[in-house]
Every structure is written in structure tokens, then in C-alpha cells.
Amino acid sequence: MSSVTIFDIKRFAIHDGPGIRTTVFLKGCPMDCWWCHNPESRKSEPEKVTYNRMLGDLKLETKQVYGKKMDTDTLMEEILKDKLFFEESGGGVTFSGGEPLYQIEGLSELLNRCKKQGLHTTIDTCGYAPWASLEMVLPFTDLILYDLKLMDSRSHKKFTGVKNDLIIHNLKKLMAQNARVELRIPVVPGINNSAEELTRFKAFLQENSMIPHKLHLLPYHSIADNKYEKLRAKNRMKDIGQKEGLTVHDFKCALATIGIDVETGG
Ligand code: SF4
């Protein structure tokens, strides 16, 4: 039995794969996306934060810890609480993050144990991980939700902290092996919602015959703003002045023309 560091468990989730699911959010991510909705997920260790909140005229100092270590037995007990709902709805368990592949030992043990319990398993990954990690979890993973954020490599590096070569390499290998992949493209104003990026996404998917089982367009929203404040982390989305560009609807219409089943939302 091993342990993993998580920062949340969401029960009755309906956007992280088919049916009703329990989504386990593993802490730690190798990327640094400007628009990240879960900035508390990035550091691999639990983080203590102190912030002020107002209660009427009263300023209250509040302490909070993001993340905790959990042994895999306890986590399995938590997951199995909703087994009946999974069975009734065709749902299961999703491991998200952060980047779940960065806790590969714990993740592969959990996926293996979930499969032994007959659960449908999904991982939600940014794809920036050694191929060996993906290969290790593939036998126990029914569905891979795979992020494709920017096709232009320089912009990818600028807005996520890493180049996209490894992500594209891994995606091609997964598709070549007929893994069940659903792509996710966050449409982020001022970052990737340009006509040029849309053309690149389209060309990449067409040229490489990368037609996924489904493609989800994830609209950007600013709900994480107060998390950045609590963490005292820089919210770089506030620095982006010009936020015009293509809409999620524009992306949906354009990508649907190449025969992809496109949905808006997770
Ligand atoms: S890959 Fe996901 S979790 Fe990691 S920084 Fe980017 S948006 Fe956040």
C-alpha cells in the first residue's frame, strides 16, 4: 500500500467522464498555465495559506491547508462509497489534478485496484509526462481526457512553462495504439483563441488523422481569482489586456467540419 497527495475529492461529478463519477484531484503539476483554474494543485506538497476575510466589519485571519497525504486503502474506501451510483449511471472514477501521472506509483496502484473492483476508470492529463508513465497506466485506464492547449510551440512555452513536443509525441502514440482518448482544448481569451491557433489545431488533427472519440472545448472563466489571492500567487490573466478573438462557438463550428464530435464543457 502506498500513499498519494490529493487536494480534493469531488463526488457526484458529471463532467469528468461518463455517468456519475468520483473525481480525485492529485496534487502536483509540471506545468504553469497562466489560466490555471486550480493554482492550489501545482505544488506537490500540502500548502498552508493564511488570508484575511471580512465578516461584516470584522477582519478575520483564516488559515487553510491545500492538500493532504492519503493512503491508498483509505482512498479506495472513499471511492467505493459510491459504487452503486457508478453502476446505475455507467460512471466510475476519474483521477485528475494537477497532473495525476506525476504520482505514478500511487496512481497505477489505484487504477489497478479500481479495475479489480469493476469500476470504469478515467485519467485527466496534460500529457506532459514520460511515455513510460502513460504506458504503465494504460492497461487499467478506460478513458483518457487529454489536454491540448496551444499548437504553437513558442506560445506553449510562454503560457504553460513547457514546450509541447512531449505532449504531441505522447498523444500520437496513444492514438496509434487506439487508446480511448477524448481531447480537451481550453479556449482562453488572449492566449489561444486566435484564427491562427484554430487553423493549427485543425491542421494538426486532420494531417495526423487524430480524430479523437470526442473533443471538449473548455471555456475560460475567472472563478479561480480568489484562489490566486489566497495563495498570494500572481494572476497573470489580469495582465492580458486584449481579450478579443474567436469564441468557443467559432471553435466548435470550425472543428465540427472535420468530422469531430465536439462538445462545449467538460
Ligand atoms: S496543466 Fe492543468 S493543473 Fe497544471 S498548471 Fe496547467 S491548467 Fe493547471
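What share of the contacts in the protein chain with a separation of 6 or more comes from residues 24 or more positions apart? Keep that in mind while you look around; this is a predicted model.

**Start with the whole chain.** Show the protein chain as a cartoon and you'll find nine helices and 11 strands. Its radius of gyration is 19 Å, close to the 18 Å the globule rule gives for 266 residues, so the chain is as compact as a globular protein of that length. Turn it around: along its principal axes, the C-alpha trace spans about 50 × 50 × 35 Å. Of the 266 residues, 38% are buried. And the opening question? Residues 24 or more positions apart account for 73% of those contacts.

**Next, select the ligand.** Around the ligand you'll meet Cys 29, Met 31, Asp 32, Cys 33, Cys 36, Asn 38, Ser 41 and Arg 42, then Gly 97, Gly 98 and Glu 99, and also Cys 126. Try colouring this shell by residue type: five residues are nonpolar, four polar and three charged.

**Now hop from the shell to a helix.** Keep Asn 38 selected, one of the residues around the ligand, and add Lys 227. The two are 189 residues apart in sequence, yet their C-alpha atoms are 7.8 Å apart in space. Lys 227 sits in helix H8, which covers residues 225–231.

**Last stop: around Lys 227.** Is Lys 227 buried, exposed or partly exposed? It counts as partly exposed, because it has 18 C-beta neighbours inside 10 Å, and being buried would take 20 or more. Select Pro 39 and Glu 40 too: setting aside neighbours within four places in sequence, these are what Lys 227 is in contact with.

Technical notes: Residues are numbered from 1 along each chain as its sequence is written. This is a predicted model: local features need pLDDT of at least 70, side-chain atom pairs count only at pLDDT 80 or more; totals for chains, interfaces and linings use all residues. A residue is near a molecule or strand if its C-beta atom, placed from the backbone, lies within 6 Å of it. Ala, Val, Leu, Ile, Met, Phe, Trp, Tyr, Cys and Pro count as nonpolar, Asp, Glu, Lys and Arg as charged, and the others, Gly among them, as polar. Helices (H or I, at least four residues) and strands (E, at least two) are DSSP runs, numbered from the N terminus. A residue is buried if 20 or more other C-beta atoms lie within 10 Å of its own, exposed if 12 or fewer, and partly exposed in between; C-beta atoms are placed from the backbone. Two residues are in contact if their C-beta atoms, placed from the backbone, lie within 7 Å. The radius of gyration is taken over C-alpha atoms; the globule rule is 2.2 Å times the number of residues to the power 0.38.
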